[in-house]
Amino acid sequence: MSRKTNSTDRTNIGTSRREALKLGGAVALGSVLAGAGIPRVHAAEDNTIRLALIGCGGRGRGAVADAFSVAAGPVSLFAMADLTEDRLSSSHEALQKHFSDRVDVPAERRFAGFDAYRHAIDCLRPGDVAMLTAYAYCRPAQIEYAVQKGVNVFMEKTFAPDPAGCRRILAAGEEAKKRNLKIAAGLQCRHSVARQALIEKLRAGELGDIPLVRATRDCGTHFLAKPPAEADHVAWQIRNRVHFLWVSSGMLLELLIHQIDECCWIKDGWPVSATGKGTPPSKPGNCSQNINDYSIEYTFADGGKAVVEGVSPFATFIHGSKRAAQFSGDVHRATVHIYKGREIDDTQIDWAAEREPRSPWQAEWKNLLEAIREDRPHNEAERAIKANLAAIMGRAAAHMGRTITWQEMLASTFAFSPIVDQLQFGGPAPVQPDAEGNYPIPIPGKWIEV
């Protein structure tokens, strides 16, 4: 039996992808880290980089597989943590089955509960890697603790659900730079060599000016029934994470943060403003906080636009003044090419990127592990959090029904809940249903999230 660090167990909290393959936070973090010595960057003398998996769903298990697939030196899974005992056990069993020679996680290094991440990180040495693959609400506290303990970090998206959480991670990222720690962020398309090749051509002017980028991905419609009368609302909300903004950031960020980051990469900057809209849920009894049919328009400093919509196809297109290009394809496939002219026409492809040697998920791990072994700077926290802020900016524009500016985002200290660092099963939940069992939903003109 693995060690439990919370007295109350609950059922499985959910799964996610990869199954198929305030500056006030800076002050708080600084006080925690005061007097701490600068750690060694490399793993100990045996040259094995140890991983602690914190968040044992499909996303976390996939990240472990990616790390193992590209390791230039010995890498082992050394500790695991999750909210619930059942998912912890099932994930350990699956990883042990597929990677028995690299999974070394006996019962005493498996932890369950809200504070389990601390115990898992405590198992690591300076220079090892804390894999933060749980949900957005707990990422700020976890990265703060990892930096305090002097370990490197791999953090999955979405990184934070609100501007306050983003500010805490930015502060942790700055502290990590001072301590020569490496931070990798799960916006894997930035590590796609095919996309990097197209970016080089774009920067060289081969497409001309870029007045428009279009990115789309079908987000579906989302229904959540009312909670059972006897529900533990903390457990219930986390289990149904995509329906609650404080837990996961909601469906727009869960699915479209990659597309929004691609748009910002293509435009080589962060948007100055965003407008947006969506459709309120129409099914009676729907308690989800998500709205449907998100459509966001970003404006950049040069007047160029990026339009991001929750519709098919799963793709990103560049509309240049000279030529058009496709930047990304279905399920982040490296469908990367330039057309002869300004029309999107697959019979008129003029240049196509070479086949990638590895997936972007593998590439991001290759780059991180090499940076650790070679002691090279590698800190993606600021870039990732600014992409996260750009996504929140679009979500806020749709939810609040007005233009949101980048300066508002940088200045905002808004948090969905002040109690996310103190959650316990059976305790108070960040949002409460009304007398009919309904949760608050975004209503333009009344809703605030910036």
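Let me start with Ala325, which counts as buried at 0% relative accessibility in what is, I should say at once, a predicted model. Ala325 has its place in strand E13, and, if we set aside residues up to four places away in sequence, Ala325 touches Leu198, Leu207, Thr316, Phe317, Ile318, His337, Ile338, Tyr339 and Ile344. One of these, Leu207, is 118 residues away from Ala325 in sequence, while the two C-alpha atoms are 8.0 Å apart in space.

From there I would like to step to the neighbouring strand, E12, residues 315-319. E12 and E13, the latter covering residues 324-328, pair in the antiparallel sense over four bridges, and together they form a hairpin with four residues between them. Within that pairing, His319 stands opposite Ala324 in E13. E12 also pairs with strand E8, residues 212-216, again in the antiparallel sense and this time over five bridges, with Thr216 standing opposite Ala315 of E12.

Why can we call E12 largely enclosed by the rest of the structure? Five of its five residues are buried, and that is the reason for the description. As a general point, side chains in a regular strand alternate between the two faces of the sheet. In E12 both faces are covered, with Ala315, Phe317 and His319 buried on one side, and Thr316 and Ile318 buried on the other.

Now let me widen the view to the sheet. This is an open sheet of nine strands with mixed pairing, and reading across we have the order E15-E14-E13-E12-E8-E11-E10-E9-E16. The edge strands are E15 and E16, the latter being residues 404-405, and each of them pairs on one side only. At the E16 end, two bridges join that strand to E9, residues 273-279, with the two running antiparallel, and here Ala274 has Ile404 of E16 as its bridge partner.

Turning to the helices that meet this sheet, H7 packs on it by touching E12, E13, E14 and E15, and the direction of H7 makes about 150 degrees with that of E13. Helix H12, residues 381-400, lies across E9, E10 and E16, and runs at about 55 degrees to E9.

Let me stay with H7 for a moment, which spans residues 193-203 and in which Ala194, Arg195, Leu198, Ile199 and Leu202 are buried. Those residues cover an arc of only 140 degrees around the axis, which puts them on the same side of H7. What covers them includes strands E12, E13, E14 and E15, together with helix H10, residues 251-267, and helix H11, residues 360-374. We met Leu198 earlier, as one of the residues that Ala325 touches. After H7 comes Gly205, whose phi is positive, near 90 degrees.

The next part of the talk concerns aromatic rings, where the count comes to 11 aromatic pairs. One of them is formed by Trp236 and Phe244, an edge-to-face pair at 5.9 Å centre to centre with 70 degrees between the planes. Trp236 is buried, with a relative accessible area of 9%, and Phe244 counts as buried at 0%. Phe244 also pairs with Tyr439, their ring centres being 4.8 Å apart and their planes at 85 degrees, so that this pair too is edge-to-face. Because Phe244 lies in the loop between helices H8 and H9, and Tyr439 in the segment after helix H13, the pair ties together parts that are 195 residues apart in sequence. Ring pairs thus link Trp236, Phe244 and Tyr439 into a cluster.

Which residues does His233 contact, leaving aside its neighbours within four places in sequence? They are Pro227, Ala429, Gln432, Pro433 and Tyr439, the last of which brings us back to the ring cluster. His233 lies in helix H8, and its relative accessible area of 19% is just inside the class of buried residues, because buried means under 20%.

I will end with one ring that has charged side chains over it, namely Phe78. Arg50 lies over the face of Phe78 at 3.9 Å from the ring centre, and Arg109 likewise lies over the face of Phe78, at 3.6 Å from the ring centre.

Conventions: Residues numbered from 1 in each chain as written. Predicted model: local features only at pLDDT ≥ 70, side-chain atom pairs only at ≥ 80, totals over all residues. Heavy atoms only, no water. Buried < 20%, exposed > 50% of the residue type's maximum accessible area, 1.4 Å probe, protein only. Pairing = 2+ DSSP bridges. Phe/Tyr/Trp six-rings, centres within 6.5 Å; stacked < 30°, edge-to-face > 60°. Lys NZ or Arg CZ within 6 Å of the ring centre and 35° of its normal. Contact = heavy atoms within 4.5 Å. Arc of directions from axis to C-beta. Axes fitted to C-alpha atoms, helices over the stretch in contact; angles between N-to-C directions.
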